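Here is a short briefing to read alongside the structure. Keep the 3D view open and follow the topics in turn.

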Amino acid sequence: MNRRIFSKILTDFVIGRRKLHATSSLSCLFQQDRRSGYESKYDKPPPKQDLSILGRMSEGYRQFKEEFGLLMEEVREKLRNDPIFIYRQNEVDVVWRFKGDPKSLDQWVVTCDSDYNEGFSTAKLEMSSTGTGVFSGTLNNRVPQDGKVKYAGYCNINSVPKRRSFKREVYHDWTEYTHIVLRVRGDGRCYVLNINTRGIFDLTWNDVYHYVFHTRGGPYWQYVRVPFSKFIFSSKGRLQDAQIPIELHEISNLGISLADDVSGHFRLEIDYIGLEYDEFHREEFAYESYDVSDIKF
């Protein structure tokens, strides 16, 4: 795709009419809440518990036994698996695949503007009859008349952050790969791939890299193969002047969004999402980065 056309499309999505989301500017540097005031949908509400001393001891023992079992499984997996030293050319290592297993749906969280009373869109992620995942719903760009929301109309699926035993959050390390590959069957709409590298500091909690990909309508599957060098950097839905490549060793989660400003039904069928190494891909970053401090007005 022509770089100028791609830049125009992405500008429409991120800073133009087709907002991914709209947030107000912070009045200070420190941000106390990682979610910027939005409710987290990753963790399910805990069930009602017995608040007696015996009940708390029983619940604590149950949780410790469960987490310790996960720790032992991690140790066995570490001893059983050999580290990867050779990444084969044009071989896709699948990270997410539905495989007809309903439990694979638990690896994703579905959100849309109506979840936060900022619009009227609806979305869902379900299993198809052939065992693939189907992200579908209705996009509605009608703005609520509350005087606060300026733009509406987005739906999104996000992978659940990777965790190990005792609730330890870890990052995906994709350093050795050059491309992300999706096998999808779309509806002719434009979707946005989002890679989050939130890090541990509040200044990086909202760092997201975007890439707009087009889908073909019809019954045929298509392969979307995107170099990591083509992703563009933004924070809180705003395109940043200082563009930097993705920190591939600090990938927290992956998302797919729809915000093309076209009201109506949508449907994206996903077979798998994986990674690929291409030894002939030498590009580190596709976009120029401007230092605004050097610009004189």
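**Aromatic residues**

Tyr-287 has a relative accessibility of 16%, so this residue counts as buried, because the cut-off for buried is under 20%. Please keep in mind that this is a predicted model. The points below start from the aromatic rings and then move on to the sheet, the core, one buried threonine and two loop residues.

**Ring pairs**

- Tyr-287 also takes part in an aromatic pair with Phe-285, and the two rings meet edge-to-face. Their centres are 5.7 Å apart, with 80° between the planes.
- The structure holds 10 aromatic pairs. One of them joins Trp-96 and Trp-108 in a tilted arrangement, with 5.5 Å from centre to centre and 55° between the planes.
- This tryptophan pair links distant parts of the chain, as Trp-96 belongs to strand β1 (residues 92-97) and Trp-108 to strand β2, 12 residues apart.
- Are these two tryptophans buried or exposed? Trp-96 is buried at 7% relative accessibility, and Trp-108 is buried at 8%.
- Ring pairs also build a cluster, and its members are Trp-96, Trp-108, Trp-174, Tyr-211, Phe-228 and Phe-231.

**Charges over rings**

- Arg-142 places its charged end over the ring of Phe-120, at 3.7 Å from the ring centre.
- Arg-183 does likewise with Trp-221, where the charged end sits over the ring at 4.4 Å from its centre.

**The seven-stranded sheet**

- If you trace the open sheet from one side to the other, its seven strands come in the order β2-β5-β14-β9-β10-β12-β13, with antiparallel pairing.
- Which strands form the edges? They are β2 (108-112) and β13 (238-239), each of which pairs on one side only.
- β10 is largely enclosed by the rest of the structure, because seven of its eight residues are buried.
- On one side, β10 runs antiparallel to strand β9 (residues 190-196), and seven bridges join the two. Val-192 has Val-212 of β10 as its bridge partner.
- β10 also pairs with strand β12 (residues 232-235), again in the antiparallel sense, over four bridges. Here Asp-207 is partnered by Ser-235 of β12.
- β12 in turn pairs with β13 over two bridges, also in the antiparallel sense. The bridge partner of Ser-234 in β13 is Leu-239.

**The nonpolar core**

- The largest nonpolar core has 37 residues, and the ones that touch the most other members are Ile-180, Phe-228, Phe-231 and Ile-256.
- Which strand gives this core its largest share? That is β15 (residues 264-276), with five residues.
- Phe-228 and Phe-231 turn up in two of the topics here, since they belong to this core and also to the aromatic cluster.

**Thr-215, a buried loop residue**

- You can find Thr-215 in the loop that runs between β10 (207-214) and β11 (222-227).
- Although Thr-215 sits in a loop, its relative accessible area is 6%, so it is buried.
- What does the side chain of Thr-215 reach at 2.7 Å? Its partner there is the backbone oxygen of Arg-189.
- A polar atom of the same side chain, that of Thr-215, lies 3.1 Å from the backbone nitrogen of Gly-188.
- Beyond its neighbours within four places in sequence, Thr-215 is in contact with Gly-186, Asp-187, Gly-188, Arg-189, Tyr-191, Gln-222 and Leu-268.

**Two loop residues with positive phi**

- Asn-117 is not a glycine, yet its phi is positive, at about 55°. Asn-117 is located in the loop between β2 and β3 (122-127).
- With a relative accessibility of 64%, Asn-117 counts as exposed, because the cut-off for exposed is over 50%.
- Asp-261 is not a glycine either, and its phi is positive at about 65°. Its place is in the loop between β14 (253-258) and β15.
- Asp-261 has a relative accessible area of 21%, so it counts as partly exposed.

Notes:
Residues numbered from 1 in each chain as written. Predicted model: local features only at pLDDT ≥ 70, side-chain atom pairs only at ≥ 80, totals over all residues. Heavy atoms only, no water. Buried < 20%, exposed > 50% of the residue type's maximum accessible area, 1.4 Å probe, protein only. Polar contact = N/O pair within 3.5 Å; in protein donor to acceptor, adjacent residues only side chain to side chain. Contact = heavy atoms within 4.5 Å. Core = buried A, V, L, I, M, F, W, Y, C linked by side-chain atoms within 4.5 Å. Pairing = 2+ DSSP bridges. Phe/Tyr/Trp six-rings, centres within 6.5 Å; stacked < 30°, edge-to-face > 60°. Lys NZ or Arg CZ within 6 Å of the ring centre and 35° of its normal.
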